[in-house]
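Here is a predicted model to walk through. Keep the sequence and the coordinates side by side as you read.

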Amino acid sequence: KIPVFGNGDVNSPEKAQLMRDYYGLDGAMIGRACIGNPWFFDQVKYFLKENSYLESPSIFERVRAVKKHLKMSIAWKGEVLGVLETRRHYSNYFRGIPNFKPIRTKLVTSNSSIELFDILEEILEKYSNYQFIAWLEIFLIPLIDQRLLIDPKIISVKKTTMIFLIL
């Protein structure tokens with residue numbers, strides 16, 4: 001048997017499950033969903049095994065990952081390129097935090113790793129109590145409470161947010 005893998009906007013554990021269960025594929029290729037979200041692979045594996053959601057990474061885990069990402073990028077490409085090439089990932093690491101735009105602006109405009117590490121410490125101080133909530137809890141639970149049905153065949157994707165159309 002030749003394994004068949006699906007590709008294209010696998011941006012939620014449900015989409016990976018849909019590829020496996022509904023379309024009968026052997027696996028799914030994941031791309032953009034893991035940019036700034038290296039935990040996505042574990043979230044998908046956990047969902048497929050347990051049919052429930054892995055807790056979202058804390059702000060501490062996110063800052064630790066950004067620091068590691070930045071250090072590795074600088075070690076590989078040097079200070080200037082390392083700093084510049086990691087900029088595009090910061091928004092994804094901290095997606096969903098309210099009133100984050102001023103800090104995000106500082107992150108994506110800084111040219112100094114020292115300054116970036118200081119900004120990351122500021123994020124820890126300011127948002128240490130912030131709780132990330134899985135998108136399912138925000139969007140799907142209220143729909144289930146209203147006893148609305150979701151058809152897995154009808155899926156619209158915009159950026160990295162899965163939007164289900166309700167029948």
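At what angle do helix α1 and helix α2 pack? The angle is about 55 degrees, and the axes of α1 (residues 13-21) and α2 (residues 40-50) lie 9 Å apart. Angles from 65 to 115 degrees would count as roughly perpendicular, and those under 35 as roughly parallel. The α1 and α2 pair is therefore oblique. The crossing of α1 past α2 is right-handed.

Now look at the residues that meet. From α1 come Pro 13, Glu 14, Ala 16, Gln 17 and Arg 20. From α2 come Phe 40, Gln 43, Val 44, Phe 47 and Leu 48. By type, this contact has six nonpolar, two polar and two charged residues.

Next, turn to the cores. The largest nonpolar core holds 22 residues. Ile 59, Phe 94, Phe 100, Leu 107 and Ile 123 have the most contacts inside it. At least two core residues come from each of α3 (59-77), α4 (79-93), α5 (101-109) and α6 (113-127). A second core, separate from that one, has seven residues, among them Val 10, Ala 16, Met 19 and Phe 40. In soluble globular proteins, nonpolar side chains tend to be buried together.

Take Ile 59 as a way into the larger core. Beyond four places in sequence, Ile 59 contacts Phe 94, Ile 97, Ile 123, Leu 124, Tyr 127, Ser 128 and Phe 132.

Finally, consider a serine. Ser 113 sits in helix α6. Is Ser 113 buried or exposed? Its relative accessibility is 9%, so Ser 113 counts as buried. Outside its neighbours within four places in sequence, Ser 113 touches Ile 74, Glu 79 and Val 83.

Technical notes
Residues are numbered from 1 along each chain as its sequence is written. This is a predicted model: local features need pLDDT of at least 70, side-chain atom pairs count only at pLDDT 80 or more; totals for chains, interfaces and linings use all residues. Side-chain values use heavy atoms; hydrogens and water are left out. A nonpolar core is a set of buried Ala, Val, Leu, Ile, Met, Phe, Trp, Tyr and Cys residues joined through side-chain atoms within 4.5 Å. Buried means under 20% relative accessible area, exposed over 50%, partly exposed in between (1.4 Å probe, protein chains only). Helices (H or I, at least four residues) and strands (E, at least two) are DSSP runs, numbered from the N terminus. Contact means heavy atoms within 4.5 Å. Axes are lines fitted to C-alpha atoms, for helices over the stretch in contact, and angles run from 0 to 180 degrees between N-to-C directions. Angles under 35 degrees count as roughly parallel, over 145 as roughly antiparallel, 65 to 115 as roughly perpendicular and the rest as oblique. A crossing is left-handed if the near helix is turned anticlockwise from the far one by less than a right angle, and right-handed if clockwise. Ala, Val, Leu, Ile, Met, Phe, Trp, Tyr, Cys and Pro count as nonpolar, Asp, Glu, Lys and Arg as charged, and the others, Gly among them, as polar.
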